[in-house]
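Trainee: Could you walk me through reading a few features of this model?

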Amino acid sequence: MQGVLTGFAVIAVVIAVGYVLGLRGHLGPQGREVLTRLAFHVASPALLFTTLATADLSVVFSSRLLVTALSTVAVAGAFVAVGVVRRWGVGRTTIGALCSGYVNSGNLGIPIAVYVLGDASLVAPVLLFQLVLVTPVAVTILDLSGGGAKGPLWRRLLTPLRNPIALGSLAGVAVAATGLRVPAPVMDPLTLIGNMSVPAVLLAFGISLCGSTMPMRGADREPVLLAVALKAFGQPAAAWALASGVFGLRGAQLLDVVVTSALPAAQNLYTYASTYEVGERLARDAILVSTVVSVPVLVGVAAVLG
């Protein structure tokens, strides 16, 4: 329980600082946009590269990864199905699907893995799955569904290779797969730049809350409710069913996959929505509400399965 509360407390403090900055206007009228662009085009690609370049890719073949992948596909697919029926649009539906199954495995998942599960590496499967597969696919869809969909076919097919998030992920995987050792004069500056990613995302998210209306109101109320329900309850339930019923996981292994699946939607999803100017309020509200709701869910999961 201490790990859950510690992780959420850290996030809440940084978001609160961003809110105060926005309230007082210290970063000017373009502060949120600058932080968002910094995170998307510079800091996040550096963070993804340095994280994946030193990762153990053997976790890709673990049963934990299969549970994570299948539960993510299940809840994201459910949101997409509803989005198609309700005609929410490709970009908006993509953001909602991400909010339904893309967990906060970094700045929240790591401290919870340490304090609740006792091992930070246990969050690696979900982290790798999201960075290597989900993120490149999602940003490619967002590219193709917006301005990136214009132009010749060859240029559209090369969309993943022009996106900084996808490039950072793929380059990191390539380095890890080949066993290359990046020299310190190269890795150290990238690590320093990458360390700006999470604070920039959280500060931008906090600034976005200034002057905003209460969450789950207006046209986005229905997709926000659906995304939060799938994220907070649907994904951990799917992970539990798959882990225990299909893969036969028990004890600590079962706790690991359910806890990681019960993490709230990641703050960097707001960066994607803001960058592509689609589903911004949906992302903001879904992240905020799922973060609040996930506290009792995580405490309950730890108490029941721990």
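Mentor: Sure, we'll take helices, then burial, then cysteines.
Mentor: This is a predicted model, so local features need pLDDT of at least 70 and side-chain atom pairs count only at pLDDT 80 or more, while totals for chains, interfaces and linings use all residues. Residues are numbered from 1 along each chain as its sequence is written, and side-chain values use heavy atoms, with hydrogens and water left out.

Trainee: How many residues does helix α6 have, and where is its kink?
Mentor: Helices are DSSP runs of H or I, at least four residues, numbered from the N terminus. Helix α6 (residues 124-145) has 22 residues and reaches 30 Å from first C-alpha to last, close to the 32 Å expected at 1.5 Å a residue; that expected span is 1.5 Å times one less than the number of residues. The kink, about 40°, sits at V134, shortly before the proline P136. The bend is the angle between axes fitted to the seven residues ending there and the seven starting there.

Trainee: At what angle do α3 and α6 cross?
Mentor: Two packed helices are described by the angle between their axes and the distance between the axes. For α3 (residues 63-86) and α6, the axes come within 9 Å and cross at roughly 50°.

Trainee: Is F40 buried or exposed?
Mentor: Buried means under 20% relative accessible area, exposed over 50%, partly exposed in between (1.4 Å probe, protein chains only). F40, in helix α2 (residues 31-53), has 2%, so F40 is buried.

Trainee: How many disulfides are there?
Mentor: Zero, a disulfide being a pair of cysteine sulfur atoms within 2.5 Å. C99 is buried at 1%, whereas C210 is partly exposed at 22%.

Terms used:
Helices (H or I, at least four residues) and strands (E, at least two) are DSSP runs, numbered from the N terminus. Axes are lines fitted to C-alpha atoms, for helices over the stretch in contact, and angles run from 0 to 180 degrees between N-to-C directions.
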